[in-house]
Amino acid sequence: MSFFLTWIKAIFIIALAFPHYSETSFEPLPEIRQVPSCDVYIHQSHFCTREKDPVCATNGQTYSNTCVFCSEQFESGGAFEFGYYGRC
């Protein structure tokens, strides 16, 4: 009976520890971000905060945040689109 209880304890400990040491737990989850909706910024063009959350546009220009990107996009008449978040 003692051997059986030791075996059950060992399986229980392994089952608890496995998710912590599995292959996928070492890789951070990718940050899922949506394409910015510029509709929010239509009426507040050029009244943007100074926060730094860079946006790279298809024109190769880096904008400091989504508000600045959308303001410039409205001003240009939609001459460029959203590329990705981050510096170009």
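# Exercises around Asn65

Setting aside residues up to four places away in sequence, Asn65 is in touch with Cys48, Thr49, Arg50, Glu51, Asp53 and Val55. The model is a predicted one, and the exercises below start from this residue and work outward.

## Exercise 1. Place Asn65 and describe its polar partners

Find where Asn65 sits, decide whether it is buried or exposed, and list the polar atoms that its side chain meets.

**Solution**

Step 1. Locate the residue. Asn65 belongs to the loop between strand S2 (62-63) and H2.

Step 2. Judge its burial. The cut-off for buried is under 20% relative accessible area. Asn65 has 2% relative accessibility, so it counts as buried.

Step 3. Look toward Glu51. A polar atom of the Asn65 side chain lies 3.1 Å from the backbone oxygen of Glu51.

Step 4. Look toward the helix. At the start of H2, a side-chain oxygen of Asn65 comes to within 3.1 Å of the backbone nitrogen of Cys67.

## Exercise 2. Follow the contact to Glu51

Work out where Glu51 lies, how accessible it is and what surrounds it.

**Solution**

Step 1. Place it. Glu51 is in the loop between helix H1 (2-17) and strand S1 (55-57).

Step 2. Classify it. With a relative accessible area of 48%, Glu51 is partly exposed. Asn65, by its 2%, is buried.

Step 3. List its neighbours. Once those within four places in sequence are left aside, Glu51 is in contact with Ser64 and Asn65. Its side chain also has a polar contact of 3.4 Å with the side chain of Thr49.

Step 4. Set sequence beside space. Glu51 and Thr66 are 15 residues apart in sequence, and their C-alpha atoms are 9.6 Å apart.

## Exercise 3. Find the salt bridge

How many salt bridges does the count come to, and which side chains meet in one?

**Solution**

Step 1. Count. The total is 1 salt bridge.

Step 2. Name the pair. The side chains of Arg33 and Asp53 meet, with an N to O distance of 2.6 Å.

Step 3. Ask what the pair connects. Arg33 and Asp53 each lie in the loop between H1 and S1, so their bridge ties together parts that are 20 residues apart in sequence.

Step 4. Check accessibility. Arg33 is partly exposed at 35% relative accessible area, and Asp53 is partly exposed at 23%. Asp53 also brings us back to our starting point, as one of the residues that Asn65 touches.

## Exercise 4. Take apart helix H2 and the core

Which residues of H2 are buried, what do they pack against, and what does H2 give to the largest nonpolar core?

**Solution**

Step 1. List the buried positions. In H2 these are Thr66, Cys67, Phe69, Cys70, Ser71 and Gln73.

Step 2. Find their packing partners. The buried residues of H2 pack against S1, S2 and strand S3 (82-85).

Step 3. Write out the core. The largest nonpolar core has 10 residues: Cys38, Tyr41, Val55, Ala57, Tyr63, Cys67, Phe69, Cys70, Phe80 and Phe82. S1 and helix H2 (66-75) are the elements that give two or more residues to this core. H2 gives the most, with 3 residues.

Step 4. Zoom in on one core member. Beyond four places in sequence, Ala57 touches Tyr63, Phe69, Phe80, Glu81, Gly83 and Cys88.

Step 5. Consider a polar residue of the helix. Gln73 is buried, with a relative accessible area of 12%. Leaving out residues up to four places away, its contacts are Cys38, Gly78, Phe80 and Glu81.

Step 6. See what comes after the helix. Gly77 follows H2 and has a positive phi, near 75°.

## Exercise 5. Turn to the surface and the whole chain

Identify the nonpolar surface patch, then describe the chain as a whole.

**Solution**

Step 1. Gather the patch. Phe3, Phe4, Leu5, Trp7, Ile8 and Ile11 form it, with about 670 Å² of accessible area together.

Step 2. Inspect one member. Ile11 is in helix H1, and at 43% relative accessibility it is partly exposed.

Step 3. Compare with the general rule. In soluble globular proteins, nonpolar side chains tend to be buried together.

Step 4. Zoom out. The chain has 2 helices and 3 strands, running α-β-β-α-β from the N terminus. Of its 88 residues, 20% are buried. Its accessible surface is about 7300 Å², and 61% of that belongs to carbon and sulfur atoms.

Step 5. Finish with the contacts. Among those between residues at least 6 apart in sequence, 52% join residues at least 24 apart.

Note on methods
Residues numbered from 1 in each chain as written. Predicted model: local features only at pLDDT ≥ 70, side-chain atom pairs only at ≥ 80, totals over all residues. Heavy atoms only, no water. Helix = DSSP H or I, 4+ residues; strand = E, 2+ residues; numbered from the N terminus. Buried < 20%, exposed > 50% of the residue type's maximum accessible area, 1.4 Å probe, protein only. Contact = heavy atoms within 4.5 Å. Polar contact = N/O pair within 3.5 Å; in protein donor to acceptor, adjacent residues only side chain to side chain. Patch = residues over 30% accessible without salt bridge, like charges linked within 9 Å, V, L, I, M, F, W, Y side chains within 5 Å. Areas by Shrake-Rupley, 256 points an atom, 1.4 Å probe, with all protein chains shown as cover. Salt bridge = Lys/Arg side-chain N within 4 Å of Asp/Glu carboxyl O. Core = buried A, V, L, I, M, F, W, Y, C linked by side-chain atoms within 4.5 Å.
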